[in-house]
Amino acid sequence: MTAKAISQEERFYQLIDKEEKIEPKDWMPEKYRNTMIRQISQHAHSEVVGMLPEGNWISRAPSLRRKAALLAKIQDEAGHGLYLYSAAETLGADREELIEELHIGKAKYSSIFNYPTLSWADIGAIGWLVDGAAIMNQVMLCRTSYGPYSRAMVRICKEESFHQRQGYDILLTLCNGTKEQKEMAQDALNRWWYPSLMMFGPKDDESVHSDYSIKMKIKRFSNDELRQRFVDATVPQAEYLGLKVPDKNLKFNAKTENYSFTEPDWSEFYNVIKGNGPCNKDRIKTRREAFENGKWVRDAAIAYAEKQKQNNKNGKQ
């Protein structure tokens, strides 16, 4: 007896069920393809825009060691963006179109990057909290069902772990310094705590994409589950620093072994993602200008590649 032939759709769902990766040449439902393009491109945009809050602190970092580490981190973020744009292209997306959607405000990126960095302690808070939340989100993506995204995330998560340690080290140094330095660290925590909680996205009952993403094994945990894990992991770290999490309702529940905490102001979250955050307009303006100013570099690279291609062709003849 011959095995029963299965449809492309049936094979796709079998791969999902068996925890095997979906690869670019595999058939996939358009909803899955579009969901992956949306998520990967938003992730790429976030990595690229995420360089901006830290960029103006390179020249103002307090030591050569800190400057070098911050510069290396920002270069890593640029690399992450490139990996992710490449992964989106394997799904048939056009990189130029994705970037244009970012520049005209059509595409979203993480709301956290629309807040200003007011002090050197903010750079530490971004590393500890923002990259810490990113790792909590992204470690599960190393097991995501789409192969190119999954493989890109392995390296990204390793580098993000370094970024988190760098940020925590900055705050540890400040907290062990003068009274003014510790106050600076506390102020940074006060301002970045709730925006960091918002990074996991809206509450589960308000999330449009979570159910499908979990069903397709794109995500492994819901927004609320990840938010709870982040709070449980981060509060003891704050206590070690001698800092106080700015939440009067924060309390450890011995029965559940979780912290009860105050939800973020979701009206602020939705206002920021609609483009009305403190730095939305500045971030997009800066990215647009950088893209336009770098056009000559892209044109030169294309011209060089075409010339090499022609030279190789002539050489073979």
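Colleague: Why is K217 called buried?

Modeller: In this predicted model, K217 has a relative accessible area of 19%. Buried means under 20%, so K217 is counted as buried.

Colleague: Where is K217 found, and what is its phi?

Modeller: K217 is found in the loop between α9 (210-215) and α10 (223-241). Its phi is near 60°, a positive value in a residue other than glycine.

Colleague: Then there is E257, with a phi near 60° as well. Is E257 buried or exposed, and how do you know?

Modeller: The relative accessible area of E257 is 57%. Exposed means over 50%, so E257 is exposed. This residue has its place in the loop between β1 (251-253) and β2 (258-260).

Colleague: Thanks! On to A93: what makes this residue buried?

Modeller: A93 has a relative accessible area of 14%, and the cut-off for buried is under 20%, so A93 is buried. The residue sits in the loop between α4 (64-89) and α5 (95-103).

Colleague: Which residues is A93 in contact with, leaving aside neighbours within four places in sequence?

Modeller: Those are I37, A88 and L98. In addition, the C-alpha atoms of A93 and R33 are separated by 9.6 Å, with the two residues 60 residues apart along the chain.

Colleague: Now the cysteines. How do you know that C157 has no bond to C142?

Modeller: The closest cysteine sulfur to that of C157 belongs to C142, at 3.8 Å. A disulfide needs the sulfur atoms within 2.5 Å, so this pair is too far for a bond. The count for the model comes to zero disulfides.

Colleague: And why are C157 and C175 called buried?

Modeller: C157 has a relative accessible area of 7% and C175 one of 10%. Buried means under 20%, so the word applies to C157 and to C175.

Colleague: Good. Last, the helices: why is α2 called roughly parallel to α7?

Modeller: The axes of α2 (residues 30-49) and α7 (residues 147-175) cross at roughly 25° and come within 13 Å. Angles under 35 degrees count as roughly parallel, so α2 is roughly parallel to α7. The crossing is left-handed.

Colleague: Which residues make the contact?

Modeller: From α2 there are M36, Q39, I40, H43 and E47, and from α7 there are Y149, M153, I156 and E160. By class, the contact has five nonpolar, two polar and two charged residues.

Notes: Residues are numbered from 1 along each chain as its sequence is written. This is a predicted model: local features need pLDDT of at least 70, side-chain atom pairs count only at pLDDT 80 or more; totals for chains, interfaces and linings use all residues. Side-chain values use heavy atoms; hydrogens and water are left out. Axes are lines fitted to C-alpha atoms, for helices over the stretch in contact, and angles run from 0 to 180 degrees between N-to-C directions. Helices (H or I, at least four residues) and strands (E, at least two) are DSSP runs, numbered from the N terminus. Angles under 35 degrees count as roughly parallel, over 145 as roughly antiparallel, 65 to 115 as roughly perpendicular and the rest as oblique. A crossing is left-handed if the near helix is turned anticlockwise from the far one by less than a right angle, and right-handed if clockwise. Contact means heavy atoms within 4.5 Å. Ala, Val, Leu, Ile, Met, Phe, Trp, Tyr, Cys and Pro count as nonpolar, Asp, Glu, Lys and Arg as charged, and the others, Gly among them, as polar. Buried means under 20% relative accessible area, exposed over 50%, partly exposed in between (1.4 Å probe, protein chains only).
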